[in-house]
Structure formats: C-alpha cells, structure tokens
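Open the model in your viewer and keep the selection panel to hand. The stops below go from the whole chain down to single residues.

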Amino acid sequence: MANPDIVVPVFGMITGILTTGALAWGMVRVFQGPVGQALARRIQGRGSAPEPELLHEIDDLRLQVDQMQQRLTEAEERLDFSERLLAQRSSGESGRF
C-alpha cells in the first residue's frame, strides 16, 4: 500500500498544478476576447476618442434637452399666469358674499 505521507502531498501538488493551469487558460481566453481588446485599446490610448456617431447623437440629445427646458419654462410661465388670474377671481368673488 502507498504511504499517505507521500501520496497526499503529491495529489495536492497535482491539484494545484491543474487548478493553476485551468485559471491561466481561462484568463488567456478572457483577455483574447472583447474584454481584452477593450483593455488593450484603453492602455494604448486609442479607446479614449469618442466615435463620430456618438458625438452626433450626444449633440442631438443636448438639443432635445434644450428644447424641453424651453417648453418647461413656457409651461411654468403659463401656470403662474393662470394662478394669478385664479387668485384675482377668487379675491374678487369673496367680496360679493
């Protein structure tokens, strides 16, 4: 029969080698994929410039936000005017009773 003082450390070393190999293989696969390519572009500095389509879309969104802010401002002004009219009417009607 095999000596457990020898067998256990050998199996532990084999397990460690297989686990390390599997982890290394997995890391290589991940870094060869899109994640690795994005990291490489980021490190090289090529990934920092936005694409022209994105810049155009951002400009369009900014324009839409500006238009919505203008419409909201107009709506707030109309609401204030309506509230003032209602306040004048209610103060004028309260004097009749």
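The tour starts with the whole chain, then takes the helices and two residues.

This is a predicted model, in which local features need pLDDT of at least 70, side-chain atom pairs count only at pLDDT 80 or more, and totals for chains, interfaces and linings use all residues. Residues are numbered from 1 along each chain as its sequence is written, and side-chain values use heavy atoms, with hydrogens and water left out.

**Whole chain.** Select everything and colour by secondary structure. The protein has 3 helices and 0 strands, in the order α-α-α along the sequence. Helices here are DSSP runs of H or I with at least four residues, strands are runs of E with at least two, and both are numbered from the N terminus.

Turn the model along its principal axes: the C-alpha atoms fill a box of roughly 115 × 45 × 15 Å. The radius of gyration is 35 Å, where a compact globule of 97 residues would have one near 13 Å. That radius is taken over C-alpha atoms, and the globule rule is 2.2 Å times the number of residues to the power 0.38. Of the 97 residues, 2% count as buried (under 20% relative accessible area; exposed is over 50%, partly exposed in between, with a 1.4 Å probe and protein chains only).

**Confidence.** Recolour by pLDDT, the predictor's confidence in each residue, from 0 to 100. The average is 87, and 91% of the residues score at least 70. Confidence is highest in helix H3 (residues 52-94), with a mean of 92, and lowest in H2, with a mean of 85.

**H1 against H2.** Select residues 4-32 (H1) and 34-44 (H2): they pack at an angle of about 65°, with axes 4 Å apart. Val30, Phe31 and Gln32 of H1 meet Pro34, Val35, Gly36, Gln37 and Leu39 of H2, contact being heavy atoms within 4.5 Å. These residues comprise 5 nonpolar, 3 polar and no charged. Axes are lines fitted to C-alpha atoms, for helices over the stretch in contact, and angles run from 0 to 180 degrees between N-to-C directions.

**Thr15.** Next, select Thr15, in helix H1. Is Thr15 buried or exposed? Thr15 counts as partly exposed because its relative accessibility is 47%. Show its side chain, which reaches the backbone oxygen of Phe11 at 2.8 Å. For a long view, pick the C-alpha atoms of Thr15 and Glu93: they are 78 residues apart along the chain and separated by 91 Å.

**Ala24.** Finish on Ala24, which lies in helix H1. Its relative accessibility is 41%, so Ala24 counts as partly exposed. Its C-alpha atom is separated by 29 Å from that of Asp5, 19 residues apart along the chain.

Note on methods
Nonpolar A, V, L, I, M, F, W, Y, C, P; charged D, E, K, R; others polar. Polar contact = N/O pair within 3.5 Å; in protein donor to acceptor, adjacent residues only side chain to side chain.
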